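Me: Please take a close look at a single part of this structure. Start with the main point and keep the wording plain.

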Amino acid sequence: MTHAIRFHQTGGPEVLKLENVDVGEPGPGQARVRHTYIAVNFIDIYFRTGRYPLALPEGVGSGLGSDAVGVVEAVGPGVSDIKVGDRVGYLIGPQGAYSQVRVMPAEVLIPLPDGVSDSTAATLMMKGMTAQYLFRQVYPLLGGETILYHAAAGGVGLIACQWARAMGVTMIGTVSTDEKAEIAKANGCAHTIVTSRESIVERVKEITGGKGVPVVYDSVGKDTLMASLDCLQPRGSLVSNGTSSGPVVIDSQLLAVKGSIWVTRPAMMHYIQPRAHMLDMARELFDHVLAGRIASEPRQRFALAEAGEAHRALESRKTVGATVLVP
Ligand SMILES: NC(=O)c1ccc[n+]([C@@H]2O[C@H](COP(=O)([O-])OP(=O)(O)OC[C@H]3O[C@@H](n4cnc5c(N)ncnc54)[C@H](OP(=O)(O)O)[C@@H]3O)[C@@H](O)[C@H]2O)c1
């Protein structure tokens, strides 16, 4: 018997319960992974609250989480490129990462290089790979641009700050407090806007000499949509990559009025396949870490049983950088 967080109905953090589970042996194409760290991501909150639908069969419920690191302790038939003892991480696959041990499709496992610790890797899988696909694939940055990035002191945000600095990109980052502003700046965010006391649009115009920015990466959603559109240059791009404050609804006519704006709502799963591409993305991320251009450690740690507390902290904006559960 091992422990896992499961939930049987959508709702507040209290629906997350620690339960005994039987894990069993891996079948064909599968590997059993003993977790060392489990990453908490905002998307887990969308699943817990029901904003993203998940099947919750009567009496069975569901696991939660899709992002963890650990050690492979068994592999099933037909698995050749992952072996027992490998240190691995993952960010896609079935829900259920909030667990001590689990069986996973081997094809989603990413081997971790020597020199990248498990705790660092736990901040990189979903969050670092998100920075990779946003900056290198969705709206590819060339270096030299000035960009607006919302939630710059968040889990994805602190890695994005460092990635932007490494590329020679000037990041203007929004944060809610002066403390978060200091942390974002220390991670490479060139300019911060403290949203509790500053106007996003006024500050962006001031910093860019009235020109605005060519791209906004907006994971906050509902609360920042209008400001994001008003900060863009004509024919600029809004990358709407999250909805931490609530869903985004856009009237297409508004996009014309605001300057023939391009909008995309990207999802990781469309940028990470096939496996060879996922491994290339991870290699690029690990290279930044191994070269010292990106440094990342969890800033909040909770026991697995305290997953609900971790969610409370994340959704009430009390966290900075990455949050992990320790199984
Ligand atoms: N599309 C994709 O493939 C993809 C992949 C990964 C993540 N994401 C998205 O990227 C975002 C960041 O994820 P994360 O896990 O790293 O979370 P996070 O950025 O660590 O946490 C969310 C942050 O958003 C800010 N925020 C602004 N308004 C908020 C509100 N009403 N409620 C809660 N937070 C609010 C807060 O920062 P301040 O206090 O500084 O405002 C908060 O710390 C999420 O929206 C997530 O869904 C998308």
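The main nonpolar core

Reply: In this predicted model, the largest nonpolar core (buried Ala, Val, Leu, Ile, Met, Phe, Trp, Tyr and Cys residues joined through side-chain atoms within 4.5 Å; buried is under 20% relative accessible area with a 1.4 Å probe, protein chains only) has 82 residues. Met-129, Phe-135 and Met-171 have the most contacts inside this core. Its biggest contributor is helix α2 (a DSSP run of H or I, at least four residues, numbered from the N terminus), which spans residues 118-138 and supplies eleven residues. Both domain 1 (2-123 + 297-326) and domain 2 (126-269) contribute residues, so the core lies between them. These bounds come from an automatic or database assignment.

The C-alpha centres of the two domains are 28 Å apart. Where the domains are in contact (heavy atoms within 4.5 Å), 20 residues come from domain 1 and 21 residues from domain 2.

Met-171 shows the packing at one residue. Leaving out residues up to four places away in sequence, Met-171 touches Phe-135, Ile-147, Tyr-149, Ala-152, Ala-160, Cys-161, Ala-164, Cys-189, Ala-190 and His-191. Phe-135, Ala-160 and Ala-164 also take part where α2 meets α3. On the α2 side of that meeting are Thr-123, Leu-124, Lys-127, Gly-128, Thr-130, Ala-131, Gln-132, Phe-135 and Arg-136. On the α3 side are Gly-155, Val-156, Ile-159, Ala-160, Trp-163, Ala-164 and Met-167.

Residue numbers start from 1 along each chain as its sequence is written. Local features need pLDDT of at least 70, side-chain atom pairs count only at pLDDT 80 or more, and totals for chains, interfaces and linings use all residues, while side-chain values use heavy atoms, without hydrogens and water.

Note on methods: Buried means under 20% relative accessible area, exposed over 50%, partly exposed in between (1.4 Å probe, protein chains only). Helices (H or I, at least four residues) and strands (E, at least two) are DSSP runs, numbered from the N terminus.
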